Amino acid sequence: MNRRIETLRLNVNGASVDLPVSPARRLSDVLRGDLGLIGTKVGCDAGDCGACTVLLDGEPVCACLTPVAQAAGRQITTVEGMEPGALQQAFLRHGAAQCGICTPGMLMAAQALLDRVARPTRTEVEEALGGVLCRCTGYAKIIEAVMDAAAPREAPEMPLAGAAVGAAVERLDGLPKVAGTEVFGADYTPEGALLVRAVRAPDAPMDFVLGDIEAWRAVQAGEVRVFTAADVPGVNLFGVIAAFADQPVLASGHVRMRGEAVALVAGEPSVIEALDLERFPVTWEARKRGLVHEGRADDLLVRGLVQRGDLAEGFARAAHLATLAVSTPYIEHAYIEPEAGVAWMEDGRLVIQACTQAPVMDRDETAKVLGLQPDQLRIIPSAAGGGFGSKLDLSVQPLVGLVALKTGKPARMVWSRAESMAASTKRHPANMSARIGCDPDGRITAMEFDGEFNTGAYASWGPTVAGRVPVHASGPYFIPAYRAEARARHTFSAISGAFRGFGVPQATILQEMLYDDLAAQAGMDRLAFRQINALCDGQATVCGQVLQGVGISACLKALEAPWQAALGRAAEANQQANQKAGVIRHGVGIASCWYGCGNTGLANPSTIRLGITPQGRLVLHQGATDIGQGANTVIAQICADAVRLPLAAINLVGPDTDLTPDCGKTSASRQTFVTGKAALLAGQALRARILALSNMGPEARLRLEPGHVIVSDAQAERRIDLDALGSDERGYALSVEETYDPPTAPLDGNGQGTPYAVYGYGAQMAEVTVDMSLGTVRVTRITAAHDLGRVINPLLARGQVEGGIAQGLGLALLEEFIPGRTENLHDYLIPTTGDMPEIETILVEVPDPEGPMGAKGLGEHVLIPTAPAILNAIRHASGARVTRLPALPHRVLTAIREAAR
Amino acid sequence: MKAYHRPTTVQDALDVLSGGPARIVAGCTDLFPATGARELQGQVVDITAIADLRGVMRASGGWRIGAATRWVDVMRADLPAAFHMLQQAAREVGSVQIQNTATVAGNLCNASPAADGVPCLLALDAVVEIGSAAGVRRVAIGDFITGIRQTVLRPGEMVLAVHVPDAAARGRSRFLKLGARRYLVISIAMVAVRLEIESGGITRAAVAVGACSAVARRMVRLEAVLEGARLEDAANRVEASLVLPDLAPIDDIRADASYRGVAALELIRRAVIDLVQT
């Protein structure tokens, strides 16, 4: 549609500009596209996420909902126009920016509040920020930062050499996130870039026939290039696990899921944006429901099994037995940044810059699809505005790559929120049942678990989920007789892939609910029941792996005092409520977690390169993608202490497949452990080289000066002239590369073996109130004890815990993805500022013999115990046992009534 | 060539509307989410520059809320206690960002079953003032919204204001909203209750429930029973048999029908208790 262009006068960040523009355009689009103010982020185009919040005459509004005509003549303030100062510093100091995609919106909303109220209360901050969603932080640190913005502070000093590990260092890559200059997937648009959009399936399974594309192209407003499966030059199948690769980049003949792409259109952006893709010439026809994939009988993708001990004997020995079935829905990752990226040709090679968690996997898979050798492709990860597992899979990469390769022009694609939610992977819906028995003293004698996991249309990480669940369904407990089976089964529905925990959060809900049953039957305190069953050093897991450095007992111990206090509070509050005939009941729940870090029984090495330039700069090639969790900072901290130079001396490079060795994927809570260990080894190796060159002892101090490394101890000082060393094959005066691959062993047919080299542990307790008349639940406090082995950075670790709890709370109470129905952020609900409890984090350190400096992974662990702790607390408060998630008010109320019968 | 009109007078707006089909826009907080496009489609009449349509003020025989009055304006206005429920609802519309742009008339014309403002305006006996080239007509709010996303507005017409008669601007009022999360949430159920109280008894009651039926409804059976009730007895009179027949609750992903019935009843009871105790 043609719209009359008008010249509007916009006052943006104090400057006035006359802009010829359609008055009906979204202000967000004008700010980003016409004025290059990319700090204003677009997460939903519907006012649901608030990422695009800007100020109009000082009042926060969603730029995506504002026609630019309404902004004309008013003062528009974007993040770029903020005075850099106390608020941004407070964000950095508190670790309030993780991935950073919501940060500009948060800053704008906070600034509007602070302009009115210099020292706002927590409630005022929660209300002011209630319209901006964050999926990383759980809001706690954001709220703290806004409340603390008025207090002037000195910038904290960077740690000295050897003191980086354990220091609460601000994230090293934080500045661009609070300045609004961070470049996410949608933020880079090369000159002349074509815009790419996809034609997607409205339903599935369906057959389709492409119509007269030439005739359709001819009637469009401008040149439109169309690409279909026939244009894919390589193997039109991809998948994160090579043996199961089954997903076409562009479907051919039939589709297996709603939202599957069948064609691409590309061209000049204004032409492509104006296309009505509903009219694209394709005829859809419902397809008979047969197997989702030929050759996968019963739609079974993978069956995972772990069994150990004599199950019949174990159950025969049980004095108490509990059984239960629980179902959980699809869960959407709901990162605030929909998938986006750009591809271009450079010196005959294809370059792709897109949001991702796995650059090397992206390179290899995209190369295969496009018929290239991996070295003909370079992947530059953009900043990722949240990932949580879904950005491990390819999204825009092969699509923009195909268009750039075929046209020779830069090609850019930005998925809409609806497109992202329809086409990206989800957490597996699970239907699980289990029974667990214990002896009269409360010791578990046997456990049997069966889980059916809906893996959707394509394999993605389904095999990993089916493999991980039986290994972890025991929880961090000693179980002498055990059988657990999990099946990943296809359906013609959204793809289930990786989401923080790979199926373990679902299984843990069931296991931990049953533990409450058994504790009740055995007449034991629920925490004490868990403590006597907690796995100990030297005991075998259900896989027969004998562990050391097991931290679950320490985590439970750390919760003992808070647990007793919370039980007391709840009892007192309930007594008062009873006296007043009130409707609110208080409850407390607890749950544990454990989680193996890295691939299950498979190699997953990381390689770190560390060099000193002839000029004396220390450069860390860090290939682990930092999706907000903090790898850029944590890996650098470990490396700095290993080489024993100050953290501030480290210059970060990467990730970039041309510049950084492979650090694998950011998943499975493996980066701090695996890449961290590679960084430790690299730091130690570089230090050893320097000491050898200077012939100094192991305790010598290092110092960098322009052109020199100074090595000294009490007796002597030696200067290494870097220039004199010349340049090594990597372009450094001195450099090392070290690889670490965790020692694991594949599981046998009964799931016995060494699936992981390192595990992390944790336990959380939730305090809730339940409205007995409405079934509404409010989580008031969560106390989380997590064993990190060695805390590398307590500031970032606490941020991980709080963010995981927010996602666990969503899983318990709010979230349910229904394909075709909740493909937006107002029907799919994630927690807001007002939904979060007070969180107390207790960091426990039980060193792991294998982890770097004793460290264990944390990223996924933190959300696993949250949902079961909340569900157990709801039951404690109200008697309601909710077995179908989420625990929406109507389900809780029904369960309250069933319990009362 | 599609035009974007931004008139500064009602007359200019009506002139454009009389010239052919056009979309009336104000806060755009429902229109933009409904399109994936980067701009509003079709012929547009943006009424946000018409000063006469902005603000809440005394008018003959009652109060006038201009069509383009934003929720933040309602929140900040100095209004009698009968309007407190409307001001409480204003704080629950979306988020601060939405309240800063979304308008009262937009809430009505979008005709969502979950529109936060509608139950309050129902309980205020509001009358919608509709203008067109042919003149002005007035429609009671209960007749204005006819179904999901449906109103009595005809081509060429626009809402100019919402009037609350003095007879309804009396008493005290309370709005309660139930959603699955705190902010930015579509209601599962919401109630607006206005009570006029004299010498220990309720003389007049207005009770409306939203988000439970296709269109928000007045609970006329319940109102009849509340009127004449002693304050200490009022909450006990809130019974399912008086509410459910007028409510006819619906099922959707947010809750099932039976829950909505229970929730509406409970919320009404709480609002009544709150009002008779203050």
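This dialogue reads a chain contact, a domain pair and a helix in a predicted model.

User: What ground rules apply to the numbering and the model?
Analyst: Residues are numbered from 1 along each chain as its sequence is written, while chains are lettered from A and ligands numbered from 1 in the order in which they are written. In this predicted model, local features need pLDDT of at least 70, side-chain atom pairs count only at pLDDT 80 or more, and totals for chains, interfaces and linings use all residues.

User: How many residues does each chain give to the contact between chain A and chain B?
Analyst: Two residues are in contact if their C-beta atoms, placed from the backbone, lie within 7 Å. Chain B gives 40 residues and chain A gives 50 residues.

User: Which element of chain B supplies the largest share of its side touching chain A?
Analyst: Helices (H or I, at least four residues) and strands (E, at least two) are DSSP runs, numbered from the N terminus. The largest share, 4 residues, comes from α11(B).

User: Where are the domains of chain B?
Analyst: Domain bounds come from an automatic or database domain assignment. Here it gives domain 1 (51-167) and domain 2 (171-277) of chain B. Their C-alpha centres lie 20 Å apart. Their contact takes 24 residues from domain 1 of chain B and 26 residues from domain 2 of chain B.

User: Which residues of α23(A) are buried?
Analyst: Buried means 20 or more other C-beta atoms within 10 Å of the residue's own, with C-beta atoms placed from the backbone. In α23(A), P889(A), H890(A), V892(A), L893(A), A895(A) and I896(A) are buried. Their cover includes β31 (759-771), β32 (777-787) and α22 (866-878) of chain A, together with α11 of chain B.

Note on methods. A residue is buried if 20 or more other C-beta atoms lie within 10 Å of its own, exposed if 12 or fewer, and partly exposed in between; C-beta atoms are placed from the backbone.
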